[in-house]
Amino acid sequence: MEAGWFTQPLLLEQAPWDFSGMLQYGVQLCHRVAQLEILHCLLTSCTKSKLQDVTKETGKLNHQRTKSPRKLTVNKETKVKTFTNKMKILLIIFVLILWTEALADQSPGPGPEYADVVFLVDSSDHLGTKSFPFVKTFINKMINSLPIEADKYRVALAQYSDKLHSEFHLSTFKGRNPMLNHLKKNFQFLGGSLQIGKALQEAHRTYFSAPTNGRDRKQFPPILVVLASAESEDDVEEASKALQKDGVKIISVGVQEASEEDLKAMATSHFHFNLRTVRDLSTFSQNMTQIIKEVTKYKEGAVDADMQVPFPISCQKDSLADLLFLVDESLGTRQNLRHLQAFLENITSSVDVKENCMRLGLMSYSDSAKTISFLKSSTTQSEFQQQIKKLSIQVGKSNAGAAIEQMRREGFSESHGSRRAQGVPQIAVLVTHRPSDDEVHHAALNLRLEDVTVFALSIQGANNTQLEEIVSYPPEQTISMLKSYADLETYSTKFLKKLQSEVWSQISTYAEERNLDKTGCMDTKEADIHFLIDGSTSIREEQFEQIKKFMLEVTEMFSIGPDKVRVGVVQFSDKMRVEFSITDYSNDIDLRKAILNIQQLTGDTHTGEALDFILPRIKNGMKDRMNQVPCYLIVLTDGKSQYSVVEPAKRVRAEQITVHAIGIGEANKKELQEIAGKEERVSFGQNFDALKSIKNEVVRGICTEKDPKR
C-alpha cells in the first residue's frame with residue numbers, strides 16, 4: 001500500500017471537465033473505493049483469506065490503471081470486483097451530478113431578480129413621534145417602487161423598540177394596495193427603548209424560520225432592511241451573524257444618532273448606510289430600490305462589475321470630495337496649536353487623499369486670511385500633513401467674513417483645484433473659538449450659493465448665533481460645540497463620520513438630480529401645481545431671486561402643457577397678486593419667462609388671507625380639466641402670519657389639494673404644519689440657500705406620491 005494513500009487529496013476542482021475526462025476521474029474514485037474496502041476489512045477483523053482476496057483485486061486495479069488506456073478486465077466471480085464495478089457506475093453518476101452543480105454555481109448568469117424583503121423599522125423614543133412620519137413615508141415609497149407580485153417581490157413589515165411588533169407577513173398581502181391601506185390605517189408609533197439585537201432575534205424567528213411557501217431561496221433570497229436611529233442598548237452582532245448564517249442578507253440604514261459600529265456589525269458586506277437626518281430618507285428611498293437589487297444578486301466574496309457605486313472604484317468609501325479647512329490662528333497657546341494640528345492629522349490619515357479622490361486644502365486667518373495649501377497642491381496624505389506643520393500662532397482681529405469670501409474666490413476656484421463642475425462635493429470646515437469682528441452673513445451666503453457645504457467647529461467662546469448664519473442647513477447637524485481645543489483630537493472620529501455621511505448624501509443626491517434632469521417626473525403625466533409665494537419686506541432682493549430660482553427648478557422637472565402639468569403663481573404680502581393663472585402658459589419657455597419677470601411686492605405677511613385668496617382660483621382651474629388630476633399647492637414663506645392659518649388651510653385641503661409648506665428663517669414651524677396638515681409635507685431651512693435641498697424633497701414627493709393623502 002502506498003505511503004499516505006488515504007490522506008492524498010482528491011479535489012473536485014482538479015477534475016477534467018470533458019466527458020472522457022469525467023470517466024477517467026470516476027475510475028480514479030473507484031480505485032479509492034477499493035482501497036477503502038481494504039481499510040474496512042482491517043477495521044472489521046475479517047479473515048486472512050478475505051483480506052488477501054481484497055488486496056489481490058486492488059493490486060489488479062492498480063496494474064490496469066498504470067497501463068495505456070484499454071478496456072478494464074472484469075472478473076465477475078470476484079465479490080470485490082463486482083462491488084467495485086457497481087460503485088464505479090454510482091460514482092460516475094455522482095461526479096456527473098456534482099459537475100453539473102459546480103458548473104451551475106460557477107456560471108456567470110444574471111442571478112436572482114427578486115427577493116423576499118422584510119423592513120424592520122425603528123419606532124423607539126430615540127426616533128420620536130415627530131420623525132416617525134418620515135419613516136412612514138419612506139416605507140410608502142419603497143412599497144410603491146418595488147414590483148410586488150406573487151412571482152416577484154414579497155414584502156413584510158415590522159417595527160420595533162424594546163419589542164417587535166409585526167405589521168404584516170410576506171404572505172399576508174399579494175399586492176401593494178392592501179399594504180398601503182394598512183400603512184394608512186394601522187401603522188402607528190410604538191415608543192420605548194431601543195433594543196436592536198432583541199428585534200433581530202424576534203425577526204429571525206418570525207419571518208425567516210418558517211417555510212417559504214414554495215419559493216426557492218436561491219431564486220428569491222431573503223433580505224432584511226433594518227432602520228435604526230441611535231446606538232442599540234443591547235448587542236447586535238450575535239443576532240446578525242445568526243441571520244446571515246441562515247442565508248439572510250442584511251441592509252442597515254442609520255438616521256439621526258445611529259451607531260456606525262452597529263450598522264457595520266449588522267450589514268452584509270458594504271450594505272450599510274448612515275444618513276444625516278431622518279428627512280434624508282425621502283431622497284434615499286430612490287437609491288434604496290437599486291440597493292435592494294444589488295444585494296439580491298450579491299454573493300459573498302464576489303465582485304460585481306455592474307454594481308453601481310456613486311464614486312470611483314479606486315477611491316475608498318466616502319472619500320470623494322474637495323475639503324477645505326479654514327482655521328483661526330489666534331490660538332493663544334502652543335498647546336492649542338498642537339491640539340488643532342493633531343485633529344487635522346487624524347482627519348487626513350482617515351481619508352483617501354488622491355488627486356481623483358479626496359482633495360484637501362488649508363487656510364488660516366486672523367486680521368487677514370492666507371492660503372497654506374490649495375486643493376490641488378497636496379495629492380497624498382504625507383504631503384498635506386507637511387502643510388499642517390506650517391500653521392503658527394498669530395495675533396489680531398477675527399475677520400472671518402473676509403476669510404470666507406477669500407475662500408470662496410480662491411480656495412474653491414477651479415484654477416486652484418475645485419471639481420465643483422464635475423459634481424464632486426465641496427465642503428468647508430471653519431474652526432474658531434471667538435466671535436467674528438466683521439460681517440459674515442453675505443460672505444457665507446455667497447459661499448453656500450456656490451454649492452459649498454459649510455461645517456463649523458465651535459470652541460467655547462465662539463458666537464453660535466454668528467455660526468448659524470455661516471453654516472449650512474440644518475445648523476444642529478453642521479455646528480459641533482466643544483469646550484476646548486483639547487477636545488478636538490478625541491472628537492475627530494465622530495466628526496469624520498459627519499463628513500463621510502455628508503459626502504455620501506451629496507453624491508447620492510447628485511446622482512438622483514442627474515437622473516431627474518434626464519427623465520423629469522415620468523410618473524406625473526398630469527397635475528396642477530400652484531405656488532403661493534411670500535413677497536413681504538423681510539425678504540431681501542437676492543433672497544426673492546432664490547425663490548424664483550426655486551420655482552424654475554421645480555417646474556423644469558415636469559412636462560408643461562394644457563393636458564399635462566400646468567403651473568400658476570400667486571404672490572402675497574399684506575396685498576395679493578395673481579402673477580399668472582394655471583391656464584396662462586402652455587409651454588415651458590413662456591412659463592420660464594413669466595417666472596423670471598415676477599417683481600417683489602413688499603409689505604407684511606398675511607399667509608392666512610393669502611390661502612383664502614388662492615382657493616377660488618385653484619377651484620376655477622380644476623373646472624378646466626376634462627377629468628380630475630392631482631392638485632398641489634406649494635406655500636413658501638419666511639415669517640409668521642399676522643392672521644391665523646388654521647381654518648383657511650383646512651378649507652384648502654378639504655378640496656383635495658395636497659399642500660407642501662416651506663418655511664425659511666423666521667417662519668413658524670407649528671404654523672407650517674397647520675398649513676400642510678402633515679409633518680412630512682413641511683420643509684424648513686435656516687437660510688434661503690436651503691431651498692436647493694428642499695426642492696429635491698418637494699419634487700420627489702410630487703413625483704412618487706401615487707395616492708396623495710390630504
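**Exercise 1. Find how many cavities of 30 Å³ or more the whole structure holds, and give the volume of the largest.**

Solution. Start with the search itself: run over the whole structure of this predicted model, it turns up two cavities of 30 Å³ or more. Next, take the volumes. The largest cavity comes out at about 60 Å³, and the second largest at about 40 Å³.

**Exercise 2. Work out which residues and elements line the largest cavity.**

Solution. Step one is the head count: 14 residues make up the lining. Step two, go to the centre of the cavity, where T432, R434, S436, Q466 and L467 are the nearest of the lining residues. Step three, look for the elements behind the lining. β10 (426–432) and α14 (464–470) each put in at least two residues, and α14 has the largest share, with three. Last, sort the lining by class: eight residues are nonpolar, five are polar and one is charged.

**Exercise 3. Now do the second largest cavity: which residues line it, and how do they divide by class?**

Solution. First, list the lining: A321, L323, V351, M358, I427, L496, L499 and V503. Then trace it back to its elements. β7 (321–328) and α16 (488–519) each give at least two residues, with α16 holding the largest share at three. Finally, check the classes: there are eight nonpolar residues, no polar ones and no charged ones.

**Exercise 4. Write down the strand order of the open six-stranded sheet and name its edge strands.**

Solution. Walk across the sheet and you meet β15-β14-β13-β16-β17-β18, with mixed pairing. At the edges sit β15 (576–580) and β18 (682–685), each of which pairs on one side only. As you go from one strand to the next, the twist averages 15°.

Now zoom in on one pair. Strands β16 (residues 631–637) and β17 (residues 658–664) run parallel and are joined by six bridges. For a spot to look at in the model, T637 stands opposite G663 in β17.

**Exercise 5. Say which strands helices α17 and α21 lie across, and at what angles they run.**

Solution. Take α17 (residues 541–555) first. This helix lies across β13 (527–534), β14 (565–572), β16 and β17, and its angle to β13 is about 175°. Then turn to α21 (residues 669–676), which lies across β16, β17 and β18. Helix α21 runs at about 165° to β17. To finish, compare the two lists: β16 and β17 appear in both.

Technical notes:
Residues numbered from 1 in each chain as written. Predicted model: local features only at pLDDT ≥ 70, side-chain atom pairs only at ≥ 80, totals over all residues. Heavy atoms only, no water. 1 Å grid on protein atoms, 1.4 Å probe; cavity = no way out; pocket = protein on both sides within 12 Å on 5 of 7 lines; lining within 4 Å. Points joined across faces, edges and corners; volume = space filled by probe spheres on them. Helix = DSSP H or I, 4+ residues; strand = E, 2+ residues; numbered from the N terminus. Nonpolar A, V, L, I, M, F, W, Y, C, P; charged D, E, K, R; others polar. Pairing = 2+ DSSP bridges. Axes fitted to C-alpha atoms, helices over the stretch in contact; angles between N-to-C directions. Contact = heavy atoms within 4.5 Å.
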